[in-house]
Amino acid sequence: MIRPVFIISAPSGSGKSTLVGRLMAEIKDLTFSVSYTTRKPRGQEKEGEAYHFIDRADFEHRLSDSEFLEHAEVFGNYYGTHVSALAKAQAEGKDLVLDIDVQGAAQLKERIPDAVSIFVLAPSREMLEQRLRMRSQDSEEVIQRRLHDAIAEIQNYDAYDYVIVNDDLEEAAETLKSIVRAERVKRFRVESKIRPILETFGESKA
Ligand code: ADP
Ligand code: 5GP
């Protein structure tokens, strides 16, 4: 079976982390890609859970050693997906889930054309602002910058295979799970499982 790779992007505050958390908890055989970043840990973030936290020199060294499948600079910090994330998921027979920005998503689609890309959108600018405030994690300055950056990021929605408007959380979470379930049974991915079944019917496709 050819296992899918799921890329999920969204402007900050759209509810991507909430939706990815639900997905990981409720669907089996998924593995989350823990990125490398030069940003400092926030709140309760622990090394190796949401991210591997490294300094700029270390990141640049790894970059020159081609250790990243994709990378980008976001809000003044480097973020990158390590090549081992994909290899590990494949070895474990799991689907890889990546929470990456629009620049990284474009790079990954080039390298893995079958990757499934999903864009999460808040229902309006007003709702996005409300959610950023509700999360009460950022200063007013950071909230304003995130809102400003959202305008540019949203323009890229048309490069994605799916767009989920995260209005009702339950519905959005169900939609995300449905995408994963449906992508898993795309014919080209399950071909190797189908052939032995056909053989039990005495048919074999040359
Ligand atoms: P992101 O990871 O995209 O930055 P979060 O998952 O942190 O966003 O969500 C931002 C805030 O919005 C959080 O406080 C979260 O609980 C809330 N939230 C997420 N989805 C919804 C929704 N559908 N309705 C209302 N609030 C939501
Ligand atoms: P945050 O610092 O809020 O966790 O993430 C900021 C942005 O960086 C988000 O849009 C997130 O999706 C993106 N991001 C996280 N990891 C990676 C990565 O490995 N590569 C890229 N390109 N973006 C990432």
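A polar contact here is a pair of N or O atoms within 3.5 Å; within protein, one must be able to donate a hydrogen and the other to accept it, and residues adjacent in sequence count only if both atoms are side-chain atoms. The model is predicted, so to speak of local features takes pLDDT of at least 70 and side-chain atom pairs count only at pLDDT 80 or more, while totals for chains, interfaces and linings use all residues. Residues are numbered from 1 along each chain as its sequence is written, chains are lettered from A and ligands numbered from 1 in the order in which they are written, and side-chain values use heavy atoms, with hydrogens and water left out.

Start with ligand 1. A polar side-chain atom of Ser17 comes to 2.4 Å from one of its oxygen atoms, and a backbone N or O atom of Gly13 lies 2.7 Å from an oxygen atom of ligand 1. On the nitrogen side, an N or O atom in the side chain of Arg131 is 3.3 Å from a nitrogen atom of ligand 1. Taken alone, ligand 1 exposes 570 Å², and the protein buries 78% of that (Shrake-Rupley areas, 1.4 Å probe). The shell holds 15 residues, with Gly13, Ser17, Thr18, Arg135 and Asn166 the closest (a heavy atom within 4 Å). Helix H1 (16-26) and helix H5 (125-134) each supply at least two of them, and H1 gives the most, with 3 residues (helices are DSSP runs of H or I, at least four residues; strands are runs of E, at least two).

Ligand 2 also has 15 residues around it, and Ser35, Arg39, Tyr51, Tyr79 and Asp99 come nearest. A polar side-chain atom of Arg39 sits 2.6 Å from an oxygen atom of ligand 2. Two acidic side chains pair with nitrogen instead: Glu70 has an N or O atom 2.7 Å from a nitrogen atom of ligand 2, and a polar side-chain atom of Asp101 lies 2.7 Å from a nitrogen atom of ligand 2. Of the 520 Å² that ligand 2 exposes when taken alone, the protein buries 91%.

Ligand 1 sits in the largest pocket, and ligand 2 sits in the largest pocket too (more than half of a molecule's atoms within 2 Å of the grid points). A pocket is an open set of points on a 1 Å grid over the protein atoms alone, where a 1.4 Å probe fits, with protein on both sides within 12 Å along at least five of seven lines; lining residues have an atom within 4 Å of a point. Its lining counts 49 residues, with Lys16, Ser17, Arg42, Tyr51 and Asp99 nearest the centre.
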